[in-house]
Amino acid sequence: MLTWPAPQIPALPGHGGPVQVRDSSTGELVVAAPGSRASLYVCGITPYDATHLGHAATYIGFDLLVRAWLDAGQTVVYASNVTDVDDPLLERADATGMDWRDLAADQTALFAADMTALGVIPPDVYTGAVEAIPAVVGAVESLVADGAAYRVGTPDASGAGTDDVYADLAADPGFGLVARLGRDEMLALSAERGGDPDRPGKRDPLDPLLWRAARDGEPAWDGGTLGAGRPGWHIECAVIARDGLGLPFDVQGGGSDLRFPHHEMSTSHARLLDDGAGAATHVHTGMVALHGEKMSKSLGNLVLVSRLLDAGEDPMAVRLAVLAHHYAADWEWTDAGLAQARERLELWRAAVSGNGAPDTAAMLAGARAALAADLDAPAALRVVDDWARASVAAGGRDDLVEGAPGVAARAVNALLGVRL
């Protein structure tokens, strides 16, 4: 699958230090990638509707991680997916009268345009669920052969038996270590977030679907010994991460609503596919609300990136409005927050408009330190604000450093993704 164009990342003097993040599973601060190579998997979109600010906050949050790793001199391998066949997509296509493939293509292209405008670095490995199906089939077949998956019969329209395939969570002694939830909470979230705990024939209500047998009116692919069908959601990400990054990899990321069941299940699958390996660290972004309710497609309370841009908003102001909040925090999108971001962008641009400005060494060090400390973007913004105010106040003073505005603009671009 083609990704979007990569933004130019300017070279900066010196380099940042090791980047720490908070592991969602343990609550501890850990070095995100202790080696010279840093690997990241971020769950992508299900392309049945446009990119909203909740999506933007997630991808901007992990974009900061990629930028901080690069600034620290690490080689970064970043993988992501597009769930371009799934129940919500098929339901939306049916409701709108569109072919599901056309809907997926249109919304994936719109997402790419939004990410380009917001300056988000694209993944190195970008794989759609449909193109991953042969690899998923092989993975599920191996889990069945190992006794870690089993079949549950479901009658098709002709009355002949076809089989869905489920993972047997009892085969994974590490299940539960990602989200660390009680069973009752897991059951409730499974029912709420795409699971089927009440499905008859499952060994455990939490066992997740690996392969959905073909149904009338639904797309299906050759599943080899599994029979015709399509992949489950969690195994898709496990296989794309395995094939794109290798196992184990450093960080698995996504919105906090993916912590369970999606990341719990996909990590379980990865462990079973590779003898106990998976993501070393799990990192989750907070939820973005509008008028007191979490933004979600199901509620329809969305602020769409594309509509903001179509209305004339500067994408860098939108990005700054997101960066004003820590990636892991829950927060609310407001007109006032966007207005403050516009003012900040105007200040920063004024600060780099001359030939000279105050020295940038402290600003660069402060921004790097903030990002190394769990990607503290709000702290980094305050560091740049202080320098920018000093620059604007300095006017034409004789002790200004020639070329400092250019260094500041490159630093803000490279570290924060804000083009001035």
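1. In this predicted model, helix 1 supplies four residues to the lining of the largest cavity, the largest share of that lining. The cavity itself has a volume of about 90 Å³. Its lining has 14 residues, and the closest to the centre are Ala57, Val322, His325, His326 and Tyr327. Two elements give two or more residues to this lining: helix 1 (53–71) and helix 9.

2. What classes of residue make up the lining of the largest cavity? Nine are nonpolar and five are polar, with no charged residue in the lining. A search of the whole structure finds four cavities of 30 Å³ or more. As background, rolling a probe the size of a water molecule over the atoms shows where empty space is left.

3. The second largest pocket should be looked at next. Its volume is about 180 Å³. The lining of this pocket has 14 residues, and Ala324, Gly337, Gln340, Ala341 and Arg344 are the closest to its centre. By class, seven of the lining residues are nonpolar, four are polar and three are charged.

4. Which element gives the most to the lining of the second largest pocket? Helix 10 does, with six residues. At least two residues each come from helix 9 (315–323), strand 14 (331–332) and helix 10 (335–351). Helix 9 is thus named for both spaces: it gives two or more residues to the lining of the largest cavity and at least two to the lining of the second largest pocket.

5. Strand 14 also belongs to a sheet. This sheet is open and has three strands in the order 13-12-14, with mixed pairing. Strand 13 (293–294) and strand 14 are the edge strands, each pairing on one side only. Strand 12 (residues 288–290) and strand 14 run parallel and are joined by two bridges. Within this pair, Ala289 has Glu332 of strand 14 as its bridge partner. In general, strands of a sheet pair through backbone hydrogen bonds, either parallel or antiparallel.

6. Another parallel pair is formed by strand 10 (residues 249–255) and strand 11, which are joined by six bridges. To find one position in this pair, look at Gly254, which stands opposite His284 in strand 11.

7. How many of the seven residues of strand 11 are buried? Six are, and strand 11 (residues 279–285) is therefore mostly covered, where buried means under 20% relative accessible area.

Definitions and conventions:
Residues are numbered from 1 along each chain as its sequence is written. This is a predicted model: local features need pLDDT of at least 70, side-chain atom pairs count only at pLDDT 80 or more; totals for chains, interfaces and linings use all residues. Side-chain values use heavy atoms; hydrogens and water are left out. On a 1 Å grid over the protein atoms alone, a cavity is a set of points where a 1.4 Å probe fits but cannot get out, and a pocket is an open set with protein on both sides within 12 Å along at least five of seven lines; lining residues have an atom within 4 Å of a point. Grid points are joined across faces, edges and corners, and a volume is the space filled by probe spheres set on the points. Ala, Val, Leu, Ile, Met, Phe, Trp, Tyr, Cys and Pro count as nonpolar, Asp, Glu, Lys and Arg as charged, and the others, Gly among them, as polar. Two strands pair if DSSP finds at least two bridges between them. Buried means under 20% relative accessible area, exposed over 50%, partly exposed in between (1.4 Å probe, protein chains only).
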